[in-house]
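Please look over the sequence and the model below before reading on. The paragraphs that follow will take you through a few parts of it, one after another.

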Amino acid sequence: MLASPAILAIEALIPLGISAMPLSEIDQQDPVPEVAAIAQDTATPEPLDILEQINLYSQADLETGPLEQVNSVRELSDVSPTDWAFQAVSALADRHQCLLGYGDGTYRGNRAMTRYEFAASLNACLIQIQQRLDEGFNVLSADELNAIRRLQEEFAAELATLRGRVDALEVRAAELEANQFSPTTKLGGEVLMAPIHAFGDRGDTTAGGEDTELSFGYRLRMVFDSSLTGSDRLRARLQAVNVARLDNTTGTVMSRLGFDGESDNEVLLERLEYRFPVTDNMRVWLGATGWDYDHIFTVTNPLFEGSGDGALSRFGRRNPAVYRQPSGAGAGFEYKFGNVARLYAAYMAGNAGTPTSKNGLFDGTYSATAQLTATPIENLEVSLAYSNSYFPGGEVNVSGSTGSGNARRPFTNDVATSSNNLGVQASFSFAPVTVSGWAGWSLAEAQGSDGDVSSGDTATLFNWALNVGVPDLVKEGSLLGFIVGQQPKVISNDVSGREDPDTSLHFEALFQYPITDRINIAPGFFVITNPDHNSDNNTIWVGTVRTQFNF
């Protein structure tokens with residue numbers, strides 16, 4: 001008798017330890033119900049049926065899809081009817097309906113592995129016949145027995161080769177199992193490197209900027225994704241970053257990059273969260289630190305939301321009115337209404353780990369946000385989001401470190417401030433272009449008095465953006481992008497002198513080009529006119545060449 005079917009699936013039975021994947025894939029939001037890729041990649045699979053075994057063994061160079069059951073060798077167009085093996089196996093297959101072939105009716109006889117596949121198919125047929133013999137059925141004639149003996153002799157060399165490969169794979173499997181990192185965890189990583197320069201005559205800016213020099217920054221991220229039940233995900237992200245915040249030299253947060261930050265070159269736990277499904281349509285998140293709204297909500301800006309492969313600027317990534325509100329730790333959920341709509345909700349606290357007055361989970365900086373996202377027609381996504389946030393005195397940042405100084409602190413930093421925020425986002429793709437945009441409003445209210453500020457005073461903020469992206473322009477994975485918008489501006493304020501007098505516009509252009517599957521380079525720049533919404537300030541230009549390495 002021929003070899004056991006398990007021989008043909010040995011590659012599927014190698015227990016994997018740590019696996020690497022690009023960070024862009026790790027950050028991707030999977031639809032519910034969750035597919036537990038981590039558990040599936042690392043746990044020992046259940047025994048496969050013969051069709052799956054043969055498919056796994058021979059799939060490396062196939063373009064025809066998985067093997068399918070056929071009932072006649074005559075359906076396999078690549079096998080010559082004049083071959084004696086064709087005649088012999090045809091008789092067995094026609095009687096016992098046990099031969100395997102591909103769904104397009106070919107046996108791929110011009111491929112080097114075809115004899116192995118043919119031997120595997122014969123083995124499947126013989127196993128089925130053997131089962132019937134074991135059950136007491138006399139299913140073989142003398143001619144069939146003779147044909148089977150000849151077929152076994154013909155394919156003996158292929159089966160011996162398969163057994164030799166199995167021995168080598170078993171040695172490899174034992175080595176991997178002994179040295180595996182973890183049976184439940186995947187590692188993904190990203191390194192960003194970028195020369196950065198902000199230029200223009202900023203010496204006269206009322207924001208207090210100064211000239212800058214060309215600098216070079218980097219950011220390292222390592223993401224550990226674990227599955228404990230097979231349908232959940234525990235994510236821990238470590239980060240070391242040294243990308244200077246340009247507002248320290250330009251005098252305005254409008255010039256901030258989307259990937260800036262400073263950790264004194266120390267590797268820190270930057271993000272920790274856990275998500276799990278509750279039903280087929282609902283999953284829940286628990287965030288311990290570094291948790292933000294773009295980790296759970298879709299921000300309806302598909303080409304530019306990423307910090308490593310999206311917009312270069314902080315403003316260009318997502319609507320600051322709703323997605324730049326206080327974050328850090330909390331809980332949230334996503335609920336799917338079929339393929340038409342999704343409902344998101346989350347509560348986040350900025351200082352949840354500090355058990356003192358005006359801190360903690362509910363007494364300090366917080367935000368509560370809900371969003372409804374719909375896809376009414378193909379290639380169109382729209383979302384409506386509402387957020388309520390609160391900032392105790394000393395921590396006011398209504399516009400999320402974008403926009404003007406007045407937008408960040410519509411009253412004063414010493415006055416506790418609440419804010420009701422509304423965002424409307426949309427994205428539409430029509431090959432080869434994707435157009436996205438948003439509008440955001442914030443109504444801030446003073447929760448205390450200080451000088452000219454009285455409790456109950458209000459201020460209205462507004463921002464908008466429109467971006468156009470052309471993916472895969474010159475190469476798959478490339479992206480040509482343009483962004484124009486107005487960063488958060490105070491358009492009205494009950495407190496005299498705290499409205500923004502003019503309008504600043506944000507212009508951005510970038511071109512992302514994949515050098516390899518894991519290396520992308522993105523030169524680009526953005527321009528800020530009338531920084532801080534004040535025409536007394538001179539235009540600021542920011543240029544960079546962001547290079548992304550995925551591992």
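In this predicted model, a good place to begin is the hairpin formed by β8 and β9, which has two residues between its strands. Strand β8 covers residues 268-279 and strand β9 covers residues 282-291, and the two run antiparallel, joined by seven bridges. Within this pairing, arginine 275 stands opposite tryptophan 285 of β9.

Strand β9 also pairs with strand β10 (residues 328-337), again antiparallel and through seven bridges. Here valine 284 of one strand faces its partner, as it stands opposite phenylalanine 333 in β10. When you follow such strands by eye, it helps to remember that in a regular strand the side chains alternate between the two faces of the sheet.

Further along the chain, Leu384, Tyr386, Leu422, Val424 and Trp441 form a nonpolar patch on the surface, and together they have about 440 Å² of accessible area. Two elements, β13 (380-391) and β14 (417-430), each give two or more residues to this patch. One of the patch residues, tyrosine 386, lies in strand β13, and it counts as partly exposed because its relative accessibility is 40%, between the limits of 20% and 50%.

Is serine 436, by comparison, buried or exposed? This residue, found in strand β15 (residues 433-446), is buried, because its relative accessible area of 3% is under 20%. Leaving aside residues up to four places away in sequence, serine 436 touches Thr300, Asn301, Pro302, Ala426, Ser427, Ala465, Leu466 and Asn467. With one of these neighbours, serine 427, the side chain of serine 436 makes a polar contact, side chain to side chain, at 2.7 Å.

Technical notes. Residues numbered from 1 in each chain as written. Predicted model: local features only at pLDDT ≥ 70, side-chain atom pairs only at ≥ 80, totals over all residues. Heavy atoms only, no water. Helix = DSSP H or I, 4+ residues; strand = E, 2+ residues; numbered from the N terminus. Buried < 20%, exposed > 50% of the residue type's maximum accessible area, 1.4 Å probe, protein only. Polar contact = N/O pair within 3.5 Å; in protein donor to acceptor, adjacent residues only side chain to side chain. Contact = heavy atoms within 4.5 Å. Pairing = 2+ DSSP bridges. Patch = residues over 30% accessible without salt bridge, like charges linked within 9 Å, V, L, I, M, F, W, Y side chains within 5 Å. Areas by Shrake-Rupley, 256 points an atom, 1.4 Å probe, with all protein chains shown as cover. Salt bridge = Lys/Arg side-chain N within 4 Å of Asp/Glu carboxyl O.
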